[in-house]
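Trainee: Before we discuss this model, could you show it to me, so that I can ask how each label is justified?

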Amino acid sequence: MNAHLLVPAAGLGKRLLRSEPKALVLLAGEPLLIHTLRRFAPLGLVHNAIVMVPLHHESTFRAAIDRAFPGAHVQVCPGGAERQQSVARGLDAIASDHGVVVIHDAARPFVDPETIREAIREAECHGAATVATPCADTILQATQDHFLEDTPDRSRLWACQTPQVFQMDLLREAHRLAAKEGRAYTDDATLVLRHGAKVRIVAGSPKNFKVTTPEDLRYAEFLIKEGSA
Ligand code: CTP
Ligand code: MG
């Protein structure tokens with residue numbers, strides 16, 4: 001499989017209210033990032049993966065990765081101020097111009113390998129794919145001063161997740177244009193869509209949630225202890 005894994009782990013995790021970067025926070029005794037990387041091991045994607053980390057934390061990340069995956073050739077590179085810049089730096093660190101790029105948040109430790117495979121297959125076929133889950137809640141669109149403005153048709157709404165997978169040249173070109181035009185995006189599927197690409201949606205599961213708050217971390221710990229992660 002000609003796929004390159006990029007793992008944005010350069011966020012500080014402000015909403016988690018901890019002193020260390022979120023990806024290093026221990027979950028059942030192991031850093032969150034390591035749990036996440038393990039999900040990609042069955043696909044052979046940890047070897048040559050690139051992890052973007054907060055400035056000045058490179059050596060701590062390096063040590064944690066080497067301990068968990070000795071000899072795996074994982075690159076650790078400094079991320080940027082926003083996720084988009086972290087992804088751009090990771091892209092610059094990929095030597096090859098071929099194949100697909102798999103981008104997965106360090107903060108989503110429970111993605112299942114079959115979903116990763118399906119996202120890769122869809123991106124190979126359509127150029128780009130993102131994992132997402134159908135919205136369970138009715139979503140309200142509000143005005144700035146908190147009045148209901150619109151209620152979009154729920155059957156067409158999906159909550160964005162990762163992995164997101166792209167053909168390499170498509171993602172590089174879209175990132176180059178976004179940087180040139182000074183446009184900011186919180187995910188790469190939207191970034192390539194705005195530059196004219198088609199993006200296939202792959203149904204994920206609520207278990208692939210993003211660890212964001214202390215409650216999420218406690219729930220993640222519970223799932224591991226219960227053996228249902
Ligand atoms: N991320 C990154 N570079 C940034 C910001 C975020 O690589 N400058 C990564 C995070 O490490 C995380 C993913 O993008 O794996 C999703 O971001 P989020 O969940 O918002 O994490 P943080 O930005 O760390 O958390 P917070 O917003 O609470 O500070
Ligand atoms: Mg953030």
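Mentor: Let us begin with Ala10, where a backbone N or O atom lies 2.9 Å from an oxygen atom of ligand 1; please keep in mind that the model is a predicted one.

Trainee: What makes the pair formed by a backbone N or O atom of Ala10 and an oxygen atom of ligand 1 a polar contact?

Mentor: A polar contact is a pair of N or O atoms within 3.5 Å, and the pair at Ala10 lies at 2.9 Å, so this pair is called a polar contact. By the same cut-off, Gly13 also qualifies, because a backbone N or O atom of Gly13 lies 2.8 Å from an oxygen atom of ligand 1. At Glu82, a polar backbone atom is 3.5 Å from a nitrogen atom of ligand 1. As for cover, ligand 1 taken alone exposes 560 Å², of which the protein buries 86%.

Trainee: Which residues are closest to ligand 1, and how many surround it?

Mentor: Ligand 1 is surrounded by 18 residues, and the closest are Pro8, Gly13, Lys14, Ser86 and Lys210. Sorted by class, this shell has seven nonpolar, four polar and seven charged residues, and the space that ligand 1 takes is the largest pocket.

Trainee: Why is the pairing of Arg18 and Glu20 called a salt bridge?

Mentor: The rule asks for a side-chain nitrogen of Lys or Arg within 4 Å of a carboxyl oxygen of Asp or Glu; the N to O distance between the side chains of Arg18 and Glu20 is 3.8 Å, so the pair meets the rule. The count by this rule comes to 14 salt bridges, including Glu114 with Arg121 at 3.3 Å and Arg218 with Glu215 at 3.5 Å.

Trainee: Why is Arg18 called partly exposed?

Mentor: Buried means under 20% relative accessible area and exposed means over 50%; Arg18 has 40%, and therefore counts as partly exposed. Glu20, at 27%, is partly exposed by the same reasoning, as are Glu114 at 39% and Arg121 at 47%.

Conventions:
Residues are numbered from 1 along each chain as its sequence is written. Chains are lettered from A and ligands numbered from 1 in the order in which they are written. This is a predicted model: local features need pLDDT of at least 70, side-chain atom pairs count only at pLDDT 80 or more; totals for chains, interfaces and linings use all residues. Side-chain values use heavy atoms; hydrogens and water are left out. A residue is near a molecule or strand if one of its heavy atoms lies within 4 Å of it. A polar contact is a pair of N or O atoms within 3.5 Å; within protein, one must be able to donate a hydrogen and the other to accept it, and residues adjacent in sequence count only if both atoms are side-chain atoms. Accessible areas come from the Shrake-Rupley method with a 1.4 Å probe; for residues, only the protein chains shown count as cover. On a 1 Å grid over the protein atoms alone, a cavity is a set of points where a 1.4 Å probe fits but cannot get out, and a pocket is an open set with protein on both sides within 12 Å along at least five of seven lines; lining residues have an atom within 4 Å of a point. A molecule sits in a cavity or pocket if more than half of its atoms lie within 2 Å of its grid points. Ala, Val, Leu, Ile, Met, Phe, Trp, Tyr, Cys and Pro count as nonpolar, Asp, Glu, Lys and Arg as charged, and the others, Gly among them, as polar. Buried means under 20% relative accessible area, exposed over 50%, partly exposed in between (1.4 Å probe, protein chains only).
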